[in-house]
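This report describes the architecture of one protein chain for a reader who has the sequence and the model at hand. Please keep both in view while reading the sections that follow.

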Amino acid sequence: MRPRRWTSDTIGRWFAINIVVAVIIAAAMNAAFSAFAGVWAKPGLQDIGLVDEVAAVARILDGAPRDARAGLAASVSNDRYAVTWFPDDESLPIAIDASEFHQGRAKIRSLLGRPSARVVAYEPGDPDLHGRPETAYGLAISLSDGSWVRFVAPQRSWGLSPTARTLLTVGFAVVCALLVAALASRRLARPLERFARQAQRFGADVNAPPMQATGPLEIRVAAQAFNEMQARVQRYVADRTTMLAAISHDLRAPLTRMRLRGEFIEDEEQQRKLFRDVDEMQAMVDASLEFFRDDSEQEPTTRFMLSELIETVLDDFRDAGHDVAFDTPGSVTYVGRPLTLRRAVANLVDNAIKYGGRAHVRLRPDDAWVEVLVDDDGPGIPDALREAVFRPFYRIEGSRNRQTGGVGLGLSAVRSAVRGHGGDITLETGPGGGLRVRVKLPSVAEA
């Protein structure tokens with residue numbers, strides 16, 4: 001698949017659609033804001049030509065006969081303002097000494113051609129001649145004979161300054177665009193989030209189910225490639241495990257024949273040495289089969305109580321008379337393979353008891369990781385050997401005694417189990433001088 005066609009469901013196409021939709025919706029919301037927000041969004045009266053219109057009406061009334069001015073003023077009234085003519089100062093129902101209309105005064109005087117013309121403005125809340133608050137915006141202009149013409153805009157102010165209005169409008173448009181873009185981009189973010197979660201889950205569980213190929217074309221192509229890679233890794237792990245298990249299984253037959261033939265050796269010392277080697281090889285084969293069998297069982301991932309699982313493991317050792325302790329902050333849930341982790345914890349506790357006399361297990365969960373610490377009172381492991389002990393069949397104890405040295409697969413099995421969950425295991429010096437085993441398991445959400 002080639003994610004290059006514009007007509008395809010690509011990320012580029014969806015980005016463009018999101019931007020266009022965000023701009024359209026932001027423009028529509030800005031228009032609604034301007035239509036319903038009144039003075040906070042509408043341009044000033046000077047900017048829409050209303051001051052020029054008011055000045056023209058005032059000039060017409062100034063040139064008309066006095067007895068015709070009242071009717072003429074009523075005839076020019078419209079839905080934006082009401083016009084009324086008053087013959088003198090005493091009849092004007094507003095205080096002439098009110099604050100003047102500073103923004104439009106100079107322009108109105110210039111349009112009237114009378115630099116000394118009186119221009120008075122008021123707004124809702126200003127007191128009238130009787131001390132009552134005004135309920136509308138108004139503008140009064142004196143004519144050349146001392147009479148007045150008043151313009152009243154019941155649902156309109158004279159507007160904010162251009163700077164304040166521009167800042168408000170731009171700020172509202174930016175907020176709208178950000179909100180719309182954030183909502184629209186969720187369609188692109190969700191497939192990426194699913195992709196990241198699936199990649200995290202595959203890191204913790206090689207047998208995780210394949211990813212759903214949904215979303216834009218590029219995400220679907222990446223998901224298909226991821227699924228193919230995951231299938232190849234699963235096949236490789238399965239083939240390797242099957243091959244090694246088959247080899248270990250086939251070794252049982254010649255070992256059995258060697259033991260039978262050893263019965264015919266007359267030298268008892270040589271016979272004893274041969275049987276010892278056969279027993280050691282048999283133990284290694286059995287341990288290998290158990291190790292590979294555990295690795296190939298493909299235990300399903302589930303949610304379980306990790307704290308209770310560890311407590312159950314420790315109860316088995318307590319019943320056997322061993323000194324074990326458990327420190328946990330409370331009930332801790334985890335998503336993983338419980339039987340695999342149970343065997344890993346049991347192996348670590350068994351090693352701590354075998355080589356350190358006692359085991360102290362601590363459980364420390366947080367948002368990203370769940371830590372399991374196993375401390376003992378033994379001699380510890382030298383720094384130079386802390387990586388070597390994870391190699392299969394490696395044993396620090398060189399007596400070749402399986403009761404003290406084992407076969408060398410215990411820590412290898414533990415590391416395999418922990419890394420199979422996407423975590424890791426490290427060896428440290430404990431606070432009391434013994435060995436501390438630190439197991440870190442990632443907190444993966446259940447799919």
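## A nonpolar surface patch

The model discussed here is predicted. On its surface, V20, V21, I24, I25 and M29 make up a nonpolar patch, and together these residues present about 390 Å² of accessible area. One of them, V20, belongs to helix α1, which spans residues 11-36. V20 has a relative accessible area of 46% and is therefore classed as partly exposed, since that class lies between the 20% limit for buried and the 50% limit for exposed residues.

## Overall composition

The protein contains 12 helices and 11 strands. Its length is 447 residues, 37% of which count as buried. The accessible surface amounts to about 24600 Å², with carbon and sulfur atoms contributing 57% of that area.

Among contacts in the protein with a separation of 6 or more, 63% are made by residues 24 or more positions apart.

## The five-stranded sheet

An open sheet of 5 strands follows the order β6-β8-β9-β11-β10, and its pairing is mixed. The edges are occupied by β6 (323-327) and β10 (424-429); each has a single partner strand, so one side of each lacks a neighbour in the sheet. From one strand to the next, the twist averages 15°. In general, strands of a sheet pair through backbone hydrogen bonds, in either a parallel or an antiparallel manner.

The pairings can be followed across the sheet. β6 and β8 run parallel and are joined by 5 bridges, and V324 stands opposite A359 in β8. Between β8 and β9 the pairing is antiparallel, over 6 bridges, and a hairpin of 3 residues connects these two strands. Here V361 has V374 of β9 as its bridge partner. β9 (residues 369-375) in turn pairs with β11 (residues 435-442) in the antiparallel sense over 7 bridges, with D375 opposite R436 in β11.

## Helices across the sheet

Two helices are described in relation to these strands. Helix α10 (residues 338-356) lies across β6, β8 (358-365), β9, β10 and β11, and runs at about 140° to β8. Helix α12 (residues 410-420) lies across β10 and β11, and runs at about 125° to β10.

Which residues of α12 are buried? They are L411, S412, V414, R415, A417 and V418. As general background, an α-helix has 3.6 residues a turn, so residues three or four places apart point the same way. After α12 comes G422, which has a positive phi near 85°.

## Salt bridges

The structure holds 19 salt bridges. One of them links D375 and R362, whose closest N and O atoms are 2.4 Å apart. D375 is in strand β9 and R362 in strand β8, so the pair ties together parts that lie 13 residues apart in sequence. Both D375 and R362 are buried. D375 thus appears in two contexts: the salt bridge to R362 and the position opposite R436 in β11.

The salt bridge between D383 and R386 has an N to O distance of 3.0 Å. D383 counts as exposed at 60% relative accessibility, whereas R386 is buried, with a relative accessible area of 16%. A further salt bridge is formed by R419 and D424, with their closest N and O atoms 3.2 Å apart. R419 is partly exposed, with a relative accessible area of 43%, and D424 is also partly exposed, at 32% relative accessibility. In addition, D62, R66, R69, R114 and D145 are linked in a network of salt bridges.

## A buried loop residue

Is A208, in the loop between α5 (162-204) and α6 (217-250), buried or exposed? A208 has a relative accessible area of 2% and is buried, because this value falls under the 20% limit.

When neighbours within four places in sequence are left aside, the residues in contact with A208 are Q198, R201, F202, Q230 and Q234. The C-alpha atoms of A208 and T301 are separated by 8.3 Å, although the two residues are 93 residues apart along the chain.

Technical notes. Residues numbered from 1 in each chain as written. Predicted model: local features only at pLDDT ≥ 70, side-chain atom pairs only at ≥ 80, totals over all residues. Heavy atoms only, no water. Pairing = 2+ DSSP bridges. Helix = DSSP H or I, 4+ residues; strand = E, 2+ residues; numbered from the N terminus. Axes fitted to C-alpha atoms, helices over the stretch in contact; angles between N-to-C directions. Contact = heavy atoms within 4.5 Å. Patch = residues over 30% accessible without salt bridge, like charges linked within 9 Å, V, L, I, M, F, W, Y side chains within 5 Å. Areas by Shrake-Rupley, 256 points an atom, 1.4 Å probe, with all protein chains shown as cover. Salt bridge = Lys/Arg side-chain N within 4 Å of Asp/Glu carboxyl O. Buried < 20%, exposed > 50% of the residue type's maximum accessible area, 1.4 Å probe, protein only.
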